[in-house]
Amino acid sequence: MRNLGSSVYWLETARHDPRASLGHSVDVDVAIVGAGFTGLWTAYQLLEAQPGLQITLLESEEVGFGASGRNGGFAMTLLDMSLAHLRRNHGDAAAKAAHDAVATSVDEIGETVAAHGIACEWVHGGLMVVGTNPGQMQRVEADYRTAQELGLDGFRRLSSEETRAEVESPTYLGALMEDHCGVLHPAKLTNRLAAVVEGMGATIFERTPISRIEDGGARLHVHTPSGVVRAEQVVLATNAWASTTPWFKHKVVPLYTYIALTEPLTDAQWDTVGWERRQGIEDKRNFVHYYRRTDDGRILWGGSDGIIYPGGAIRPRYDRADTVFKRLESTFRRTFPQLDQVRFSHGWGGPVAITVSFMPLFGSLLEGRLHYGLGYNGHGVAPSHTGGKILRDKVLGKPSELTELCFVDTAEPGFPPEPLRWISAELTRRTLLRQDAAFDGGKLGGEMDPLLLRVMKKLG
Ligand SMILES: Cc1cc2nc3c(=O)[nH]c(=O)nc-3n(C[C@H](O)[C@H](O)[C@H](O)COP(=O)(O)OP(=O)(O)OC[C@H]3O[C@@H](n4cnc5c(N)ncnc54)[C@H](O)[C@@H]3O)c2cc1C
């Protein structure tokens, strides 16, 4: 029985047989904690590089239960708050290397899906980042300029007419089209990828929560309720849940983001929208709206706000947020007035991990035997694939261009302790929402760092 607080369409349409939980102690080469995209891609990359490696994945609920099985399904390149932020915060060479690594992952996800016949509704239709007011258009221009100046491939500017020829909305003033993006059915990908890694020799235990990881001398000891996994190396791939570990309780904070899903549109309704290319779409708010078509003709509509619950708690009941669902429905109707008859059938949410730097965190602890990859700030579908390769290189002790990327082995500043963490995060959220509203009212203002990030940078 899934520990869900809501009805998650992706999980409903990608059932799989339950797996056994761990019932004994075992010795393995590598234990991976968490069976979302990060854990699964790490297992996949490791077994490709070194077949025969003994790998066990330990998942507290079931494969794809976390953000990986319930996200928007956009495999996209975004790191930091925008391409312009990434360049400003990390410099030209590091920004280009990080962007290119994730763009390569987008292509490789498509190749892996094809090579293994993974039926996960993969459509490589690109990403259309739309501006719906002059302030957002400034950001579209800034990203386009950045892409050109860095020499990145696959970016095109679209005029308002060109944008509306792709997808008809009276709100579109123009867009940036990026080729390196695909959409997929996330729970089908986690399920099938899990089966692929099992076929390659990995073992996956579900309903096996780990309580702690201890240095047992020659091996690390990963404790579960009914057995200890003694592993030469451990990979921590629990993203938002890492906030409950001693190492990351000040480095990541869980933020809930939400999705509403329409009923299938009729052919006549689709004719009024277009969207033949089936690209993912985002706007340029601080709290973006992200939306896409599903294979069965629905529109998935997510974003608009993000909620950090007191104490950074993660609870099944937080999977629903009716006020956010209402706001999502109203922005959907503003964007597509021609679809005023379309009803919503599902709404759900889930926790992502936010970091102070707004970049993922990859590194190693316990004398290089415990490796971690987490903190994707709501954009982990493609970066977790890059992350699987980074974690592979770390486990195999083979430094590479990937282990040199600007979000690997960094000294990440921490959040302040509670209740300051929640108060400052809430202030940041309100500031960002106020700016979104001011942009909607016609103001200009360009890019903005979250308040919390600026404060932490000053302190750190
Ligand atoms: C509503 C929503 C929409 C999103 N949309 C997008 C999108 O369109 N594009 C995009 O790029 N990103 C999106 N994201 C973010 C993306 O889903 C995540 O960045 C990515 O899935 C992270 O993968 P992960 O494997 O690191 O973490 P998760 O998928 O969260 O996996 C962590 C796993 O660890 C398990 N776990 C936790 N604690 C323990 C423990 N103690 N013992 C054992 N197991 C444990 C959890 O059950 C979970 O299965 C979205 C997220 C949400 C919630």
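**Exercise 1. Which strands does helix 5 (residues 134–150) lie across, and at about what angle does helix 5 run to strand 5?**

Helix 5 lies across strand 4 (127–131), strand 5 and strand 6 (174–178), where contact means heavy atoms within 4.5 Å. Its direction is at about 150° to strand 5; such axes are lines fitted to C-alpha atoms, for helices over the stretch in contact, and the angles run from 0 to 180 degrees between N-to-C directions. The helices (H or I, at least four residues) and strands (E, at least two) are DSSP runs, numbered from the N terminus.

The model is predicted, so local features need pLDDT of at least 70 and side-chain atom pairs count only at pLDDT 80 or more, whereas totals for chains, interfaces and linings use all residues. Residues are numbered from 1 along each chain as its sequence is written, and side-chain values use heavy atoms, with hydrogens and water left out.

**Exercise 2. Describe the open sheet of 8 strands, and say why one side of strand 5 and of strand 16 is without a neighbour.**

Begin with the order, which is 5-6-4-13-14-15-12-16, with mixed pairing; two strands pair if DSSP finds at least two bridges between them. Next, look at the edges: strand 5 (155–158) and strand 16 (344–355) each have a single partner strand, so one side of each has no neighbour in the sheet. From one strand to the next, the twist averages 20°. Within this sheet, strand 12 (residues 252–262) and strand 15 (residues 299–303) are antiparallel and share 3 bridges, and Ala260 has Trp301 of strand 15 as its bridge partner.

**Exercise 3. Which strands pair with strand 1 (residues 26–33), and in what sense?**

Take strand 11 (residues 227–236), which pairs with strand 1 in the parallel sense over 7 bridges; here Asp27 stands opposite Arg230 of strand 11. Then turn to strand 2 (residues 55–58), which also runs parallel to strand 1 and is joined to strand 1 by 4 bridges, with Leu58 of strand 2 as the bridge partner of Val33. Strands of a sheet pair through backbone hydrogen bonds, in either the parallel or the antiparallel sense. Finally, consider cover: 6 of the 8 residues of strand 1 are buried, which leaves the strand mostly covered; buried means under 20% relative accessible area, exposed over 50%, and partly exposed in between (1.4 Å probe, protein chains only).

**Exercise 4. How many residues surround the ligand, and which are the closest?**

The count is 34 residues, and the closest are Thr38, Glu59, Ser68, Phe74 and Val381, a residue being included if one of its heavy atoms lies within 4 Å. For the polar contacts (pairs of N or O atoms within 3.5 Å; within protein, one must be able to donate a hydrogen and the other to accept it, and residues adjacent in sequence count only if both atoms are side-chain atoms), work through the partners in turn. A polar backbone atom of Ser60 is 3.0 Å from a nitrogen atom of the ligand. Ser68 uses a polar side-chain atom, 2.5 Å from an oxygen atom of the ligand, whereas Val381 uses a backbone N or O atom, 2.9 Å from an oxygen atom of the ligand. The ligand taken alone exposes 1000 Å², of which the protein buries 96%, with areas from the Shrake-Rupley method and a 1.4 Å probe; for residues, only the protein chains shown count as cover. Helix 2 (37–49), strand 12 and strand 16 are the elements that give two or more residues to the shell around the ligand.

**Exercise 5. Are the loop residues Asp80 and Ala218 buried or exposed?**

Asp80 belongs to the loop between strand 3 (74–75) and helix 3 (83–90) and is buried, because its relative accessible area is 4%. The residues that Asp80 touches, beyond those up to four places away in sequence, include His85, Leu86 and Phe358, and a polar contact of 2.9 Å links the side chains of Asp80 and Asn89. Ala218, by contrast, sits in the loop between strand 9 (212–215) and strand 10 (220–224) and is exposed, because its relative accessibility is 72%.

**Exercise 6. Which backbone feature is found at Arg207, at Ser304 and between Glu418 and Pro419?**

Arg207, which is not a glycine, has a positive phi of about 50° and lies in the loop between strand 8 (203–205) and strand 9. Ser304, also not a glycine, has a positive phi of about 80° and is placed in the loop between strand 15 and helix 9 (322–335). Arg207 is partly exposed at 35% relative accessible area, whereas Ser304 is buried at 1%. The peptide bond from Glu418 to Pro419 is cis, with omega near 0°, and Pro419 lies in the loop between helix 10 (383–395) and helix 11 (420–440).
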